[in-house]
Amino acid sequence: MTADENELRELRASVREFLEAKSPEEAVRKLMESEPRFDPAVWAQAADQLRLPGLVIPEEYGGDGFGPVELGVVLEEMGRALLCAPFFATVVLAAQALLASGDSEACARHLPGIASGRTTATLAVAEDSGSWDPALISARAVLDGDGAWRLSGRKSFVIDGTTAGLLLVVARTVAGPSLFAVDRQAAGLEAEPMETLDATRAMARLTFDAVPATLVGSDGAGGRVMAKVLDIATVALAAEQAGGARRCLETSAEYARTRHQFGRPIGSFQAVKHKCADMLVQVELAEAASREAARSAAEGAPDFPVAAAVAHACCSRAYVFAAMENIQVHGGIGFTWEHPAHLYFRRAKSSQLLFGGPAVYHERLLDRLGI
């Protein structure tokens with residue numbers, strides 16, 4: 001199902017109105033220091049009123065069957081509001097991993113709960129190095145005497161790892177990297193929150209000690225699944241980054257119009273004008289790259305992997321640039337803990353590093369181009 005331009009505008013307006021009411025700065029700051037790092041009541045409202053968890057879940061599994069373009073609109077607004085919620089981990093990472101696995105039984109078991117908002121989930125790939133490369137995974141899964149899988153090892157930087165009810169874990173078997181489903185209450189599983197730069201996106205370290213797990217998809221197919229998921233996830237993250245960058249531009253322009261020095265708005269000074277103009281160029285470029293990649297994914301274009309890598313590189317750079325310039329435009333107040341500018345900078349920097357950092361995604365782009 002694909003929405004037309006009017007429907008996309010209505011979707012954006014509805015999500016923005018909801019987030020302005022439910023995720024103002026005060027709510028974000030409160031949730032940053034709470035556990036869980038999101039408001040279950042707001043998450044339930046997002047599911048019941050806007051059906052956001054089921055947006056891109058196929059209709060056969062209880063979702064609405066929309067695609068990457070609609071997902072991009074929602075994530076732009078969530079990035080703009082710095083929403084603290086399990087949406088990215090559940091809908092982007094976990095749900096897309098299930099769909100990419102081709103395991104209809106696992107999809108039928110887990111996706112209806114995700115679509116309704118009752119099930120939160122996450123994808124655990126990276127270990128202590130932070131790399132999402134399946135070739136570097138050391139966590140292992142073995143068959144016990146009863147023919148059941150047991151998973152051992154450690155995962156780090158797992159988004160919503162302390163709260164997700166369903167954990168999808170990439171672990172190594174004799175056949176190679178494979179995808180496994182683990183229940184939150186499984187014996188031998190321990191989760192501890194990690195203190196990271198961005199407190200608005202909760203991360204955790206998971207330790208598995210012979211934890212019972214269920215194979216999802218084919219044994220040894222984890223590398224193929226991860227290649228698909230990373231392309232979709234980087235485009236989704238790019239949309240979130242573009243939304244955050246746009247918000248930085250908006251707040252800078254508003255401050256430049258209202259803050260006066262020497263009897264006139266600071267926006268009338270050439271240096272501030274140049275900063276805002278440079279931000280506008282970066283933001284427009286980021287939005288164009290993100291939305292083109294989403295369209296490419298929706299159409300199943302053969303060059304989608306290239307578009308995904310370009311969007312990730314472009315939007316990561318734009319968001320960090322806009323967040324830094326936003327602090328500069330605000331001057332002394334922008335450097336303080338009381339001002340929200342640093343929250344956007346922290347999200348921008350952590351998002352830039354989420355899937356490996358600039359060196360990794362530039363290398364991925366070269367690989368996609370066959371260079």
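In which helix is Phe-304 found? In this predicted model, Phe-304 belongs to helix 9, which spans residues 304–330.

**Figure 1. Phe-304 and its surroundings in helix 9.** The relative accessibility of Phe-304 is 11%, so the residue counts as buried. Leaving aside residues up to four places away in sequence, Phe-304 touches Asp-231, Ile-232 and Val-235. Its contacts also include Ala-293, Ser-296 and Ala-297. Ala-294 lies 10 residues from Phe-304 along the chain. The C-alpha atoms of Phe-304 and Ala-294 are separated by 8.5 Å.

**Figure 2. The pairing of helix 5 with helix 6.** Two packed helices are described by the angle between their axes and the distance between the axes. Helix 5 covers residues 87–101, and helix 6 covers residues 104–116. Their axes come within 10 Å. They cross at roughly 160°. Angles over 145 degrees count as roughly antiparallel, so helix 5 is roughly antiparallel to helix 6. The crossing of the two helices is left-handed.

**Figure 3. Residues at the contact of helix 5 with helix 6.** Helix 5 contributes Thr-90, Ala-95, Leu-98 and Leu-99. From helix 6 come Ala-106, Cys-107, His-110, Leu-111 and Ile-114. By class, this contact has seven nonpolar residues and two polar ones. No charged residues take part in the contact of helix 5 with helix 6. Cys-107, one of the helix 6 residues here, has 3% relative accessibility and therefore counts as buried.

**Figure 4. Cys-276 and the closest cysteine sulfur.** Which cysteine holds the sulfur closest to that of Cys-276? That cysteine is Cys-248. The two sulfurs are 12 Å apart, too far for a bond. A disulfide would need the pair within 2.5 Å. Cys-276 has 15% relative accessibility, so this residue counts as buried. A search of the whole structure finds zero disulfides.

**Figure 5. His-274 in helix 8.** Helix 8 runs over residues 270–299 and holds His-274. Is His-274 buried or partly exposed? At 44% relative accessibility, His-274 counts as partly exposed. The cut-offs behind this call are under 20% for buried and over 50% for exposed. Asp-183 is 91 residues from His-274 in sequence. In space, the C-alpha atoms of His-274 and Asp-183 are 52 Å apart.

Key: Residues numbered from 1 in each chain as written. Predicted model: local features only at pLDDT ≥ 70, side-chain atom pairs only at ≥ 80, totals over all residues. Heavy atoms only, no water. Buried < 20%, exposed > 50% of the residue type's maximum accessible area, 1.4 Å probe, protein only. Axes fitted to C-alpha atoms, helices over the stretch in contact; angles between N-to-C directions. Helix = DSSP H or I, 4+ residues; strand = E, 2+ residues; numbered from the N terminus. Parallel < 35°, antiparallel > 145°, perpendicular 65-115°, else oblique. Left-handed = near helix turned anticlockwise from the far one by under 90°. Contact = heavy atoms within 4.5 Å. Nonpolar A, V, L, I, M, F, W, Y, C, P; charged D, E, K, R; others polar.
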